[in-house]
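Me: I'd like to learn how to read a protein model piece by piece. Can you take me through one?

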Amino acid sequence: MAGEEIPGARAELRRRGERLFAEVAELLEALVPGMAPVVGLPEHPDITAFGNPLSFAYHRQVAFDRTPDAADLPARAKAALADWQVTVEHTDSGSTVLHAWRDGMTLRLHLNPVRGLTLCRADLEPMALHLPEEFVRPEPLLAPENVRPGHELCPECEGLGWCERCWGRGWTMGGVTWGGRTEGQVRCGDCLGSRACPFCRGAGERPRR
Ligand SMILES: [Zn+2]
Ligand SMILES: [Zn+2]
């Protein structure tokens, strides 16, 4: 499910992704020289939410078993993130977690007192690459003049035949929570995915009573 692609959006997301990856590489080289694998930006971004339109982003995650110089690592990490907005979290296990954000980028560094830097996770703010898909109500299956003798137009769908709630798609928006918003596709609660009007089962008419 995707509408028309927004001109230039994919290239812009790629530029932001390249920048994120460069920032992470520079940071890790400063904190744990030579320990992080060198990787390029993946060809395709991640889908981060199945809304309408879809949301896309890039992320980079590096996990470490054991890094040296654990003692001064938190201070060095804070210094390296001087240009970022940083909050510090102390976990029950004694780890320090640095949360940093700047210009649509977020960073998380897990610093264990014994094992040093254990995890670096960087994310981009998700962005849309397409215009929202427009849903059009389909043409009714049955016009009032075509109702068979002894029948009447379905009072629920008025001849549409398709489920009136989802217009025959079988799903509606909603159901997946991402960043506090509810979006995504969820099976239609009226037709339960069958796509037909549950009242007339797709006939558009019912026997006159
Ligand atoms: Zn109906
Ligand atoms: Zn439906």
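**Strands, helices and cores**

Reply: Sure, and let's begin with two strands: β1 and β2 run antiparallel and are joined by three bridges. Keep in mind that this is a predicted model.

Me: Which residue stands opposite S55 of β2?

Reply: That's A49. The connection between β1 and β2 is a hairpin through five residues.

Me: What holds strands like these side by side in a sheet?

Reply: In general, strands of a sheet pair through backbone hydrogen bonds, and the pairing can be parallel or antiparallel. Here, β1 and β2 belong to an open sheet of three strands, ordered β1-β2-β8 with antiparallel pairing. The edge strands are β1, residues 46–49, and β8, residues 127–128, each of which pairs on one side only.

Me: How many bridges join β2 to β8?

Reply: Two, and these strands run antiparallel; β2 covers residues 55–57. Look at S55 once more: its bridge partner in β8 is A128, while A49 stands opposite S55 on the β1 side.

Me: What is the strand order in the sheet of five strands?

Reply: That open sheet reads β3-β7-β6-β5-β4, with antiparallel pairing. The edges are β3 (59–63) and β4 (85–90); each has a single partner strand, so one side of each is left without a neighbour in the sheet. Ignoring direction, neighbouring strands of this sheet are turned against each other by 15 degrees on average.

Me: Can you show me one pairing there, and say which residue is the bridge partner of V62?

Reply: Take β3 and β7, which pair in the antiparallel sense over five bridges. The bridge partner of V62 in β7 is C120.

Me: Now the helices. Which strands does α1 lie across?

Reply: α1 lies across β3, β6 and β7, and runs at about 165 degrees to β7. α2 packs on the sheet too, touching β4, β5, β6 and β7, with its direction at about 165 degrees to that of β6.

Me: How do I describe the way α1 and α2 meet?

Reply: Look at the axes and the angle between them. For α1 (residues 9–31) and α2 (residues 73–80), the axes come within 10 Å and cross at roughly 145 degrees. The crossing is right-handed. On the α1 side the contact is made by L27, A30 and L31, and on the α2 side by L73, R76, A77 and A80. Sorted by type, the contact residues are six nonpolar, no polar and one charged.

Me: Which residues have the most contacts inside the largest nonpolar core?

Reply: They are V24, L31, A77, L109 and L117, in a core of 20 residues. At least two residues of this core come from each of α1, α2, β5 (96–102), β6 (105–112) and β7 (116–124). The element that gives the most is α1, with six residues. There is also another core lying apart from this one, with twelve residues, including L142, C154, L160 and C200.

Me: Back to V24: what does it touch, leaving out residues up to four places away in sequence?

Reply: V24 touches R60, C120 and A122. You've met C120 already, as the bridge partner of V62.

Me: Is every part of α1 tucked away? Take E18: buried or exposed?

Reply: Somewhere in between. E18 lies in α1, and it counts as partly exposed because it has 13 C-beta neighbours inside 10 Å. For a sense of scale, the C-alpha atoms of E18 and D72 are separated by 29 Å, with these positions 54 residues apart along the chain.

Me: Last topic: backbone angles. What is the phi of D103?

Reply: D103 has a positive phi of about 45 degrees although it is not a glycine. You'll find D103 in the loop between β5 and β6. D103 is exposed, because 12 other C-beta atoms lie within 10 Å and the cut-off for exposed is 12 or fewer.

Me: And where does R195 lie?

Reply: R195 is in the loop between β11 (181–187) and β12 (205–207). R195 is not a glycine either, yet has a positive phi of about 80 degrees. With 17 C-beta neighbours inside 10 Å, R195 counts as partly exposed.

Terms used
Residues are numbered from 1 along each chain as its sequence is written. Chains are lettered from A and ligands numbered from 1 in the order in which they are written. This is a predicted model: local features need pLDDT of at least 70, side-chain atom pairs count only at pLDDT 80 or more; totals for chains, interfaces and linings use all residues. Two strands pair if DSSP finds at least two bridges between them. Helices (H or I, at least four residues) and strands (E, at least two) are DSSP runs, numbered from the N terminus. Axes are lines fitted to C-alpha atoms, for helices over the stretch in contact, and angles run from 0 to 180 degrees between N-to-C directions. A crossing is left-handed if the near helix is turned anticlockwise from the far one by less than a right angle, and right-handed if clockwise. Two residues are in contact if their C-beta atoms, placed from the backbone, lie within 7 Å. Ala, Val, Leu, Ile, Met, Phe, Trp, Tyr, Cys and Pro count as nonpolar, Asp, Glu, Lys and Arg as charged, and the others, Gly among them, as polar. A nonpolar core is a set of buried Ala, Val, Leu, Ile, Met, Phe, Trp, Tyr and Cys residues joined through C-beta atoms within 7 Å.
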